[in-house]
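Student: I would like to learn how to read a single-chain model with some care, from the overall fold down to individual residues. Could we go through one together?

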Amino acid sequence: MSVKLTFLGTGTSQGVPVIGCACLVCVSKDPHDQRLRTSIMLEANGRVVVVDTGPDFRQQMLREGVSRLDAVVFTHAHKDHIAGLDDVRPFNHRQKSATQIYASTEVQQALRREFYYCFDEHRYPGVPDLTLNTIRSEAFTAADIPFVPLPVMHMNLPVLGFRVGNLAYITDANHIPEETYRKIGRPEVLVLNALRHTPHPSHFTLHEAIEVVERIKPQYAFFTHISHQLGTHDDVARQLPKNIFLAYDGLTMHV
Ligand SMILES: [Zn+2]
Ligand SMILES: [Zn+2]
């Protein structure tokens with residue numbers, strides 16, 4: 001099965017440019033240096049799944065002209081990955097159905113806390129209509145698209161990456177357990193977080209991300225969840241090994 005992958009956002013939690021910052025990257029006129037919060041969209045057979053709904057979800061849906069959403073799959077509950085969930089409402093209205101949410105029990109707890117009004121017994125009319133589905137360790141399907149959970153660590157926080165056919169998607173990690181390396185195998189396309197050059201407690205640096213790519217040996221790798229501290233898209237892209245690319249907002253491919 002081939003899926004169409006769209007990078008909805010490729011920026012770290014504050015996005016790029018950062019509010020008030022006048023660094024080279026934040027004032028760059030290159031659209032590749034404007035990064036909304038990290039998220040991807042997967043499409044197959046007319047059905048649409050988004051992985052994470054960050055604060056820029058609404059803008060991302062408008063930019064890509066998305067008129068249908070079947071499911072949201074969550075990697076973890078940090079605000080830059082969940083904050084936009086309230087904006088699934090237009091899809092509820094258009095499709096006259098609930099949005100299917102796939103999340104671990106830990107993430108579901110956070111969603112019930114952060115979006116409590118969606119789960120009230122007597123809900124206010126017009127709040128998001130969400131159906132929770134639990135991700136356990138086994139493979140699952142969302143909108144008929146098959147997902148294999150890839151547990152990784154984001155400092156102390158367990159986060160899920162996903163293998164979808166020939167794609168492996170890992171955002172927000174600084175450690176990949178051996179068992180997960182086995183589940184990743186050798187995908188055609190690996191998407192991996194690469195925050196910046198200097199060490200960070202919960203994200204791979206550019207150097208660490210390149211080491212992970214060299215171990216997994218995908219055909220192509222794309223880096224995401226990028227900070228303004230990494231440098232301009234142009235500068236960094238020129239220095240990367242042949243099969244490694246910086247992702248950018250709006251990039252699409254068939255995997
Ligand atoms: Zn993040
Ligand atoms: Zn995070």
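Tutor: What follows moves from the whole chain to two hairpin regions and two residues.

Tutor: This is a predicted model, in which local features need pLDDT of at least 70 and side-chain atom pairs count only at pLDDT 80 or more, while totals for chains, interfaces and linings use all residues. Residues are numbered from 1 along each chain as its sequence is written, chains are lettered from A and ligands numbered from 1 in the order in which they are written, and side-chain values use heavy atoms, with hydrogens and water left out.

Student: How many helices and strands does the chain have?

Tutor: Helices (H or I, at least four residues) and strands (E, at least two) are DSSP runs numbered from the N terminus; here the chain has seven helices and 14 strands.

Student: What does the radius of gyration say about the chain?

Tutor: The radius is taken over C-alpha atoms, and the globule rule is 2.2 Å times the number of residues to the power 0.38. For 255 residues a compact globule would have a value near 18 Å, and the 17 Å of this chain agrees with that. Along its principal axes, the C-alpha trace spans about 55 × 45 × 35 Å.

Student: What share of the residues is buried, and what share of the contacts links distant parts of the sequence?

Tutor: Buried means under 20% relative accessible area, exposed over 50%, and partly exposed in between (1.4 Å probe, protein chains only); by that criterion 53% of the 255 residues are buried. Contact means heavy atoms within 4.5 Å, and of the contacts with a separation of 6 or more, 64% are between residues 24 or more positions apart.

Student: Where does strand β3 sit, and what are its partners?

Tutor: Two strands pair if DSSP finds at least two bridges between them. Strand β3 (residues 47-51) has four of its five residues buried, so it is largely enclosed by the rest of the structure. Strand β2 (residues 39-44) runs antiparallel to β3 and is joined to it by five bridges, with L42 bridged to V49 in β3. The hairpin of β2 and β3 has two residues between the strands, and N45 in the turn has a positive phi of about 50°. With strand β4 (residues 71-73), by contrast, β3 pairs in the parallel sense over three bridges, and V51 stands opposite V73 in β4.

Student: Is V73 buried or exposed, and which residues does it touch?

Tutor: V73 counts as buried because its relative accessibility is 0%. Leaving out residues up to four places away in sequence, V73 touches ten residues' worth of surroundings that include V49, V50, V51, Y102, F140 and F162.Student: Where does R37 lie, and is it buried or exposed?

Tutor: R37 lies in the loop between β1 (4-9) and β2, and it counts as buried because its relative accessibility is 17%. Apart from neighbours within four places in sequence, the contacts of R37 include G11, S13, P55, D56 and D80.

Student: Which strands pair with β9?

Tutor: Strand β8 (residues 145-154) pairs with β9 in the antiparallel sense over seven bridges, and M153 has P158 as its bridge partner in β9. In the hairpin that β8 and β9 form, with two residues between them, M155 in the turn has a positive phi of about 60°. β9 also pairs antiparallel with strand β10 (residues 167-170), over three bridges, where R163 stands opposite A168. Six of the eight residues of β9 (residues 157-164) are buried, so this strand is largely enclosed by the rest of the structure.
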